[in-house]
Amino acid sequence: MKGARRTFFSDPVSVLALAVLAAVILFCIVYPFVSPYGYDEVNTAERQQMPSAKHPFGTDYLGRDLLVRMAYGGRLTLSVAFLTGLMAAAAGTVTGIACGYAGGLTDSLGMRVMDAISSVPGLLLAIVFDYLLGMGRGNFLFGIAIAGIPPFARIVRAAVLEIRQSSYVAASRALGAGHFHIIKEHVLHNVMPLAAVQASTSVADALTTCTILGYIGVGISPPRPEWGVLFDMGRKQLRSMPHLSLIPAAAITICIVCLYLLGNGIRDSLSARGGSHE
Amino acid sequence: MSDMEMLLEVKDLKVTFSTPRGTVHAVSGGSFSVRRGEVTGIVGESGSGKSVSAYAVMGLLPANGRAESGTAFFGGRDLLSLGEKELRKIRGKEISMVFQDPVTALDPLFTIGSFLTEVLLSHSPGMSKKDAAKKSVEMLAVMGIRDPESVMQRYPDSLSGGMCQRVMIAAALLCDPRLLIADEPTTALDVTIQEEILSLIQRLKDERDMSVLFITHDLGVVARLCDRVTVMYGGFVMESGSAGQIYEGAVHPYTKALLSAIPRLDDREGRPLAALEGEPIDPIDLPQGCVFAPRCPSCTEICLRERPEATDLGDGHSAACHLISKGGGTDD
């Protein structure tokens, strides 16, 4: 593990991706506290302003400061992305391990459920959940999380099938280890790196879904300035004030790209250990 | 031979695997025993059921495998009738196992130290981590590993195959088992390292009053180490007896064929090595008669029709062959 960490931090792209993500998250957490403006503070005297020293990202049609709105919206968007992405990761890991380790009927049933879930587009699943469980109460989160489970479960299951057949599991059993011990120690530890890679993808996918939902008005809705919502509002003035839509769009893109690069970096640093991880 | 000195006695073991192609009869008549303080070797080629027999005794058959019938008495208990929970207490503590490929038998993510202490702690929950580490270091030293403290900190990928096998043997012996099952423990190692590991097993057996069930396809290894030998073919026991009885007075055609296939350094005449004609039997479709009949140089009509029973030749020597039960013995 130590070697893998060194490989990760010796790759400038991975380090940059991690740094940018950390900076964005930190900014979103801190800036609303230090900003002179509230995210929903209307100021009709300063409507429709281009970026300036006073408003680095300009203001919208109600004179609200875009910078603080971006920071506040980032809190919402990123927490939804991480929360649902990691929920999917946790549920996917458990499902994958259960199916892969138990095998047989459990495996067949579990994987068919996964097939059923993945046959519905994630976006549609989120909309359906929001509609069925009551709109405007954040129920779309379950939809995003559940849509993220199948790819995760499949990848983990495949890895577990291999681990279960490994000599070290057989040796462990021969030395008296129980199934619980083997799952807790050998399976979980060996699946973890793979899960870490897939988790970054899950979070990126959740971020995409979350902003699309905001954009089409199903997920987090105005006045809360989710990034997808901000993009939708700015879009109406794309010609006159392009920064109002381009800044949220850029933030979304940057975060997704960084998450993918992070996943790649983790994967590369683990495979660089070569034979030892076979 | 009194029952007292019997440590493990397996009788009429039958193991099958259900596969999409049909039922595989991996072991159909597995009978062998290990006496206290002795090494029993099970010899056979791939698919003879030697490893499967050991896995069945340990209760470690894969999900599609089943021990259909037979008994395996160990310390008064039939291992085949025990549940997983009881077996888990026996595995590693009373019966341990060492495997063919020591490098892959160690989880790459754990240090040797954490692996060994984990084995100890799982069998003695009251033990402190410090004591477990201390005992592990001592055991590594017993294995002839120099600088055991530093080995404790290392990961398996930084150790050689021989070193890994020593670690595996250390893990197997940590809880002082009465029986060590060694499943081709030297097959994946260099010849020089093989010799070291064999000496190590021999020495440990003597020092610890332990018995060993040694599974191998290498008759040379058997000669070097074993007190008793069981020869298996196609899931059946062909012949068993003391090492001397097998090497000097083998009666079964299969055993004879195996022995004549060993290259000999003292053979100055340069005779070609005898190779056995034909192929091993299909374990899904067992022949009606003797499983070795299709390849047997002395096959007769009854061999194709009926399965031979094991014939007692006295002094613990027995063989399953019609030629012997008829009282004849076989000619080459």
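# Exercises on a predicted two-chain model

In this predicted model, 20 residues of chain A are in contact with 25 residues of chain B.

## Exercise 1: The side of chain A that touches chain B

Determine which helix of chain A supplies the largest share of the side that touches chain B, and how the residues of that side divide by character.

**Solution.**
Step 1. Two helices of chain A, helix 7 (167-174) and helix 8, each supply at least two residues of the side that touches chain B.
Step 2. The largest share comes from helix 7 of chain A, with six residues.
Step 3. By character, the residues on this side of chain A divide into six nonpolar, 13 polar and one charged.

## Exercise 2: The packing of helices 8 and 9 in chain A

Classify the orientation of helix 8 and helix 9 of chain A, and state the handedness of their crossing.

**Solution.**
Step 1. Two packed helices are described by the angle between their axes and the distance between the axes.
Step 2. Helix 8 (residues 179-216) and helix 9 (residues 227-235) of chain A pack at an angle of about 40 degrees, and their axes are 6 Å apart.
Step 3. Angles under 35 degrees count as roughly parallel, and 65 to 115 as roughly perpendicular; helix 8 and helix 9 of chain A are therefore oblique to each other.
Step 4. The crossing of helix 8 of chain A with helix 9 of chain A is right-handed.
Step 5. On the helix 8 side, the contact is made by A:Cys210, A:Thr211, A:Ile212, A:Leu213, A:Gly214 and A:Tyr215. Helix 9 of chain A contributes A:Trp227, A:Gly228, A:Val229, A:Phe231 and A:Asp232.
Step 6. The residues of this contact between helix 8 and helix 9 of chain A comprise seven nonpolar, three polar and one charged.

## Exercise 3: The build of chain B

Compare the radius of gyration of chain B with the value that the globule rule gives.

**Solution.**
Step 1. Chain B contains twelve helices and twelve strands.
Step 2. The radius of gyration of chain B is 21 Å, close to the 20 Å that the globule rule gives for 332 residues, so chain B is as compact as a globular protein of that length.
Step 3. Along the principal axes, the C-alpha atoms of chain B fill a box of roughly 65 × 50 × 45 Å.

## Exercise 4: Confidence

Identify the elements of chain B with the lowest and the highest mean pLDDT, and the stretch where the pLDDT is below 50.

**Solution.**
Step 1. The model scores ipTM 0.80 and pTM 0.80.
Step 2. Chain B averages a pLDDT of 86, and 94% of its residues score at least 70.
Step 3. Among the elements of chain B, the lowest mean pLDDT (80) belongs to helix 12 (residues 322-325) and the highest (93) to strand 8 (residues 211-216).
Step 4. The pLDDT is below 50 over residues 328-332 of chain B, a stretch that has nine contacts in the model beyond near neighbours in sequence.
Step 5. Where pLDDT is low, the predicted coordinates should not be read in detail.

How values were computed: Residues numbered from 1 in each chain as written. Chains lettered and ligands numbered in written order. Predicted model: local features only at pLDDT ≥ 70, side-chain atom pairs only at ≥ 80, totals over all residues. Axes fitted to C-alpha atoms, helices over the stretch in contact; angles between N-to-C directions. Helix = DSSP H or I, 4+ residues; strand = E, 2+ residues; numbered from the N terminus. Parallel < 35°, antiparallel > 145°, perpendicular 65-115°, else oblique. Left-handed = near helix turned anticlockwise from the far one by under 90°. Contact = placed C-beta atoms within 7 Å. Nonpolar A, V, L, I, M, F, W, Y, C, P; charged D, E, K, R; others polar. pLDDT = per-residue confidence, 0-100. Rg over C-alpha atoms; globule rule 2.2 N^0.38 Å.
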